[in-house]
Protein chains: 2
Amino acid sequence: MTDDDRVFKALADPSRRFLLDLLFARDGRTLTELESELEMTRFGVAKHLRVLEEAGLVVVRRSGREKLHYLNSVPIRQIHDRWIDKFTEQHITALIDLKRTLEEES
Amino acid sequence: MTDDDRVFKALADPSRRFLLDLLFARDGRTLTELESELEMTRFGVAKHLRVLEEAGLVVVRRSGREKLHYLNSVPIRQIHDRWIDKFTEQHITALIDLKRTLEEES
DNA sequence: TTGACAGGTGACCAAATGGTCACATAACTT
DNA sequence: AAGTTATGTGACCATTTGGTCACCTGTCAA
């Protein structure tokens with residue numbers, strides 16, 4: 001599996017996207033803290049976090065018996081630049097066409 | 001399942017992303033034409049195209065016995081604007097911090 | 001009109017996924 | 001030291017997913 005694929009697959013689950021939203025709002029949370037926000041047991045949440053971690057979207061720091069989870073947006077940026085951008089960018093030719101159309105109207 | 005979720009799930013499979021790449025390069029292809037580019041039977045490709053269609057990423061036009069497939073990038077743009085952008089945008093405060101740092105150095 | 005060609009349907013299957021639980025370990029607290 | 005707290009592991013299960021196939025329908029061409 002490629003890196004990109006791991007990221008796309010990690011983003012494909014709504015619970016995982018919700019976890020990223022939570023970490024976006026505030027970083028460095030523990031598993032139990034995150035667990036309290038989802039309707040799911042600790043084990044389910046831990047599995048999702050692991051998928052996110054393997055995709056590089058979450059990075060982890062151990063502190064005593066706690067595990068702190070941090071958001072890493074680099075992989076999202078990468079699939080954005082390498083793939084999504086291509087489909088979302090305005091095609092310059094279309095803009096030129098529009099410009100010509102507008103000029104002809106006036 | 002939400003619209004966004006359908007799109008994320010549709011993008012989660014590499015064969016489907018490849019199909020979108022093909023349609024990006026050239027639109028309006030038939031099923032058999034697309035099939036010839038993948039190492040998969042017609043049935044597999046048809047299933048993938050259906051998932052893409054249900055996510056709104058591909059739109060279809062019938063012409064005689066052929067089915068022509070067109071790319072629609074609007075849903076990609078939507079998840080970009082509604083979700084991805086939030087994680088990829090440069091945080092203005094970080095830029096301000098950097099600016100201050102640079103100014104203090106000189 | 002008789003093939004050949006493009007596509008659709010439903011059954012089927014193996015593997016992956018999303019989730020649970022019993023149990024275990026390590027680290028704090030008192 | 002004993003209890004509580006935070007997390008990890010592996011087994012297990014139901015459902016979904018990705019893919020195939022046999023068979024069918026509709027359309028074009030000779």
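Student: Is Val74(A) buried, partly exposed or exposed, going by its relative accessibility?

Tutor: Keep in mind that this is a predicted model, so we are reading computed values. Val74(A) belongs to helix H5 of chain A, which covers residues 74–88. Its relative accessibility is 43%, and the label for values between 20% and 50% is the one in the middle. Because of that 43%, Val74(A) counts as partly exposed.

Student: How many Å separate the C-alpha atoms of Val74(A) and Gly56(A)?

Tutor: Start with the chain itself: Val74(A) and Gly56(A) are 18 residues apart along it. Now look at the two C-alpha atoms in space, where their separation is 8.1 Å.

Student: Which element of chain A gives the most residues to the side that touches chain B?

Tutor: Let's begin with the contact as a whole: 23 residues of chain A meet 24 residues of chain B, and ten residue pairs are in polar contact. Helix H1 (3–11), helix H2 (14–25) and H5 of chain A each give two or more residues to this side. The one that gives the most, with eight residues, is H5(A).

Student: Which residue of chain B forms a salt bridge with Arg17(A)?

Tutor: The rule finds four salt bridges across the interface of chain A and chain B. In the one made by Arg17(A), the closest N and O atoms are 2.9 Å apart, and a salt bridge needs them within 4 Å. The partner in chain B is Asp5(B).

Student: What percentage of the area buried between chain A and chain B comes from carbon and sulfur atoms?

Tutor: The two chains bury about 2,400 Å² between them. Of that area, carbon and sulfur atoms give 66%.

Student: Which side chain has an N or O atom 3.3 Å from a base nitrogen of DNA strand C?

Tutor: Some contacts go to phosphate instead: a side-chain N or O atom of Thr41(A) is 2.5 Å from a phosphate oxygen of the strand. Lys67(B) also has a polar side-chain atom 2.9 Å from a phosphate oxygen. For the base nitrogen, the side chain to look at is that of Arg65(A).

Student: How many charged residues does the surface near DNA strand C have?

Tutor: In total, 19 residues surround DNA strand C, and Lys47(A) and His48(A) are among the closest. The largest share of this surface, four residues, comes from H4(A). Sorted by class, the surface has four nonpolar and six polar residues, and the number of charged ones is nine.

Definitions and conventions:
Residues are numbered from 1 along each chain as its sequence is written. Chains are lettered from A and ligands numbered from 1 in the order in which they are written. This is a predicted model: local features need pLDDT of at least 70, side-chain atom pairs count only at pLDDT 80 or more; totals for chains, interfaces and linings use all residues. Side-chain values use heavy atoms; hydrogens and water are left out. A residue is near a molecule or strand if one of its heavy atoms lies within 4 Å of it. A polar contact is a pair of N or O atoms within 3.5 Å; within protein, one must be able to donate a hydrogen and the other to accept it, and residues adjacent in sequence count only if both atoms are side-chain atoms. Ala, Val, Leu, Ile, Met, Phe, Trp, Tyr, Cys and Pro count as nonpolar, Asp, Glu, Lys and Arg as charged, and the others, Gly among them, as polar. Buried means under 20% relative accessible area, exposed over 50%, partly exposed in between (1.4 Å probe, protein chains only). Contact means heavy atoms within 4.5 Å. Buried area is the accessible area (1.4 Å probe) that two parts lose on being put together, summed over both. A salt bridge is a side-chain nitrogen of Lys or Arg within 4 Å of a carboxyl oxygen of Asp or Glu.
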